[in-house]
Amino acid sequence: MDLLLRGITHRYGATEVLSGIDLSIAEGEIVCIIGPSGCGKSTLLRFIGGLERPDEGEVLLSGPVPSGSLNPLTYVFQDFALLPWRSVEANVSLVLEDHPLSAAEREEIVADVLERTGLSDFRKALPRQLSGGMKQRVAIARALSVRPAVMLMDEPLSALDSQTRELLMDDLVALWQRERFTACYVTHNLAEAVRLGHRIVVLSRRPGRIRTIVEIDRDLGEREAGDPKLDAVQRELWQLLRDEARAADREIAHDVA
Ligand SMILES: Nc1ncnc2c1ncn2[C@@H]1O[C@H](COP(=O)(O)OP(=O)(O)OP(=O)(O)O)[C@@H](O)[C@H]1O
């Protein structure tokens with residue numbers, strides 16, 4: 001299933017947050033969204049997920065939904081959003097409880113998704129017994145359990161330390177190589193964007209407009225930290241962002257003052 005954004009424009013009160021966003025995300029593609037603080041990245045993700053509607057423009061889904069999809073658009077958040085009193089398997093099965101599935105079907109989906117994310121041995125563990133990286137694996141397993149057409153990932157690795165982030169990036173690449181999932185991935189971290197994005201959308205500061213879209217012509221499985229080509233793309237992205245990030249920073253300080 002492909003995703004198409006047409007002319008997304010939005011204001012909160014007098015503040016224009018997004019302006020004229022046109023973007024398509026093809027099935028099996030990871031598109032990263034980067035841009036200065038407050039430029040509307042999370043807002044855009046909420047529009048895609050249907051949590052809010054933009055003042056202008058539309059979000060269209062085209063093509064067949066994956067077979068067995070229970071929820072075509074599914075979020076993965078930065079803070080994992082796990083229920084502390086539920087085990088790993090119970091956290092995953094939570095999102096299946098509103099769907100007309102038998103207990104056996106639910107158990108089968110949970111077992112399958114825990115297997116695919118390397119969590120089978122931890123299915124009885126409680127969140128507090130897990131590291132941050134494992135918690136985010138659970139959140140990813142939970143997202144996968146509804147067989148989403150598109151995963152909406154809002155800074156999913158930013159609460160993790162840098163080593164864990166590296167491991168999770170490896171996991172996401174391995175998962176993508178097996179399952180070719182589609183994702184819209186918001187991040188502040190340019191290393192993450194060049195590692196995981198087939199394309200990287202660079203937004204301007206508020207109101208967020210698309211400044212450019214950088215395509216990275218290298219298989220995800222062949223991308224490694226220290227790759228000169230990726231480092232060059234990362235530098236190019238930083239050149240694009242630096243002045244705007246500074247201006248956005250001052251603007252936020254001014255808003256607060
Ligand atoms: N519900 C809301 N009501 C009013 N203003 C809002 C609302 N949600 C977001 N905003 C404002 O819209 C702008 C964009 O917010 P958003 O969180 O989408 O930006 P972002 O690019 O994701 O920021 P960051 O990179 O800091 O996470 C900000 O100025 C924010 O304060």
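User: Which residue just after α3 takes a positive phi?

Analyst: This is a predicted model, in which local features need pLDDT of at least 70, side-chain atom pairs count only at pLDDT 80 or more, and totals for chains, interfaces and linings use all residues. Residues are numbered from 1 along each chain as its sequence is written. Helices (H or I, at least four residues) and strands (E, at least two) are DSSP runs, numbered from the N terminus. Just after α3, a positive phi of about 70° is found at Gly 118.

User: What span does α3 reach from its first C-alpha to its last?

Analyst: Helix α3 covers residues 103-116, 14 in number. The expected span is 1.5 Å times one less than the number of residues. For α3 this gives 20 Å, and the helix comes close to it, reaching 20 Å.

User: Within what arc do the buried residues of α3 fall?

Analyst: Buried means 20 or more other C-beta atoms within 10 Å of a residue's own, exposed 12 or fewer, and partly exposed in between, with C-beta atoms placed from the backbone. In α3, Ile 109, Val 110, Val 113 and Leu 114 are buried. They line one face of the helix, because the directions from the helix axis to their C-beta atoms fall within an arc of 125°.

User: Which exposed residues does the face of α3 turned away from its buried side carry?

Analyst: The buried residues of α3 have a cover that includes α2 (88-94) and α4 (132-145), by contact (C-beta atoms, placed from the backbone, within 7 Å). The face turned away from that buried side carries the exposed Ala 104, Glu 105, Glu 108 and Glu 115.

Notes. Contact = placed C-beta atoms within 7 Å.
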